[in-house]
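Here are my notes after going through the model, as numbered points. Have the structure open while you read.

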Amino acid sequence: MGSTGSGSFTDYPNKKPTNEEKNNGGTSGIDKCGTAFSANLEEISRCTYYLKYKKVPSTGSEVLVFFNGYRLSIKTTKGEEVGYLPTKFNYLKLCLEDGFSFSGVISDSRMTPTPSISVDIIPV
């Protein structure tokens, strides 16, 4: 299963977000680090939660965003990885490096026809 980024170089911004006094968020002027978002996770069946329990976490479960050294991931509050964020959210790695943190809830989870998880995430 592949990534669902936009397929353009804008998925990989090369400008780090800075503090609020400066013009953040690249050339758009929008500080993406302070913006809530929703996402459909990828590669759920390859993540530790699914491999351990053979199911997806229930809707309403609390989750956190973290970088696992390879990809931006979503994990439970117990530290179990549940899925990967699409590459269009790669800017969040720079946000995490700058001290931002993100948490949220699983807004939808299903086992059929394939394991799927949607999350609502906010900066904290």
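1. Let's start with the helix pair. Lys 93 and Glu 97 sit four residues apart in helix H2, which covers residues 91-97, and that spacing is about one turn of the helix. Their side chains meet in a salt bridge, with 2.3 Å from N to O. Keep in mind that this is a predicted model, so that distance of 2.3 Å is a computed one, like every other value in this note.

2. How exposed are the two partners? Lys 93 has a relative accessible area of 28%, so it is partly exposed. Glu 97 comes out at 43% relative accessibility, and therefore it also counts as partly exposed. Elsewhere, salt bridges with shared partners tie Glu 42, Glu 43, Arg 46 and Arg 71 into one network.

3. That network deserves its own point. The search over the whole structure turns up six salt bridges. One of them pairs the side chains of Glu 43 and Arg 46 at 2.5 Å, N to O, and another pairs Glu 43 with Arg 71 at 2.9 Å, N to O. The Glu 43 and Arg 71 pair links distant parts of the chain, 28 residues apart: Glu 43 is in the loop between strand S1 (37-40) and helix H1 (48-53), while Arg 71 is in the loop between strand S2 (62-67) and S3.

4. Which of these charged residues are buried, and which exposed? Glu 43 and Arg 71 are both buried. For Glu 43 the relative accessible area is 13%, and the cut-off for buried is under 20%, which is why Glu 43 falls in that class. Arg 46 has 59% relative accessibility, so Arg 46 counts as exposed. The Glu 43 and Arg 46 salt bridge thus has a buried acid and an exposed base.

5. Glu 43 also shows up under polar contacts. Its side chain makes one with the side chain of Arg 46 at 2.5 Å and one with the side chain of Arg 71 at 2.9 Å.

6. Glu 80 is another acid to check. It lies in the loop between strand S3 (72-76) and strand S4 (81-84), and at 12% relative accessibility it counts as buried, because the limit is under 20%. What does its side chain pair with? There is a polar contact of 2.8 Å with the side chain of Tyr 53, and one of 3.4 Å with the side chain of Lys 52. Setting aside residues up to four places away in sequence, Glu 80 touches Thr 48, Tyr 49, Lys 52, Tyr 53, Ile 74 and Lys 75.

7. Now the rings. The count comes to three aromatic pairs. In one of them, the ring centres of Phe 89 and Tyr 91 are 6.4 Å apart and the planes are at 45°, so the pair is tilted. Phe 89 and Tyr 91 are both buried, and together with Phe 37 they form one aromatic cluster.

8. Two lysines sit over ring faces. Lys 32 lies over the face of Tyr 91, at 4.9 Å from the ring centre. Lys 93, the salt-bridge partner of Glu 97, lies over the face of Phe 67, also at 4.9 Å from the ring centre.

9. Phe 66 is in strand S2. What does Phe 66 contact, once its neighbours within four places in sequence are left aside? The list is Arg 71, Leu 72, Ser 73, Ile 74, Lys 75, Glu 81 and Leu 96. As for backbone spacing, the C-alpha atoms of Phe 66 and Gly 79 are 9.8 Å apart, with their positions 13 residues apart along the chain.

10. Finally, the overall picture. The protein chain has two helices and six strands, and from the N terminus on they run β-α-β-β-β-α-β-β. Of its 124 residues, 38% are buried. Among contacts with a separation of 6 or more, 59% come from residues 24 or more positions apart. The chain exposes about 7,300 Å², and carbon and sulfur atoms supply 53% of that.

Methods
Residues are numbered from 1 along each chain as its sequence is written. This is a predicted model: local features need pLDDT of at least 70, side-chain atom pairs count only at pLDDT 80 or more; totals for chains, interfaces and linings use all residues. Side-chain values use heavy atoms; hydrogens and water are left out. Buried means under 20% relative accessible area, exposed over 50%, partly exposed in between (1.4 Å probe, protein chains only). A polar contact is a pair of N or O atoms within 3.5 Å; within protein, one must be able to donate a hydrogen and the other to accept it, and residues adjacent in sequence count only if both atoms are side-chain atoms. Contact means heavy atoms within 4.5 Å. Rings of Phe, Tyr and Trp (its six-membered ring) pair if their centres lie within 6.5 Å; planes under 30 degrees apart count as stacked, over 60 as edge-to-face and the rest as tilted. A charge sits over a ring if NZ of Lys or CZ of Arg is within 6 Å of the ring centre and within 35 degrees of the ring normal. A salt bridge is a side-chain nitrogen of Lys or Arg within 4 Å of a carboxyl oxygen of Asp or Glu. Accessible areas come from the Shrake-Rupley method with a 1.4 Å probe; for residues, only the protein chains shown count as cover.
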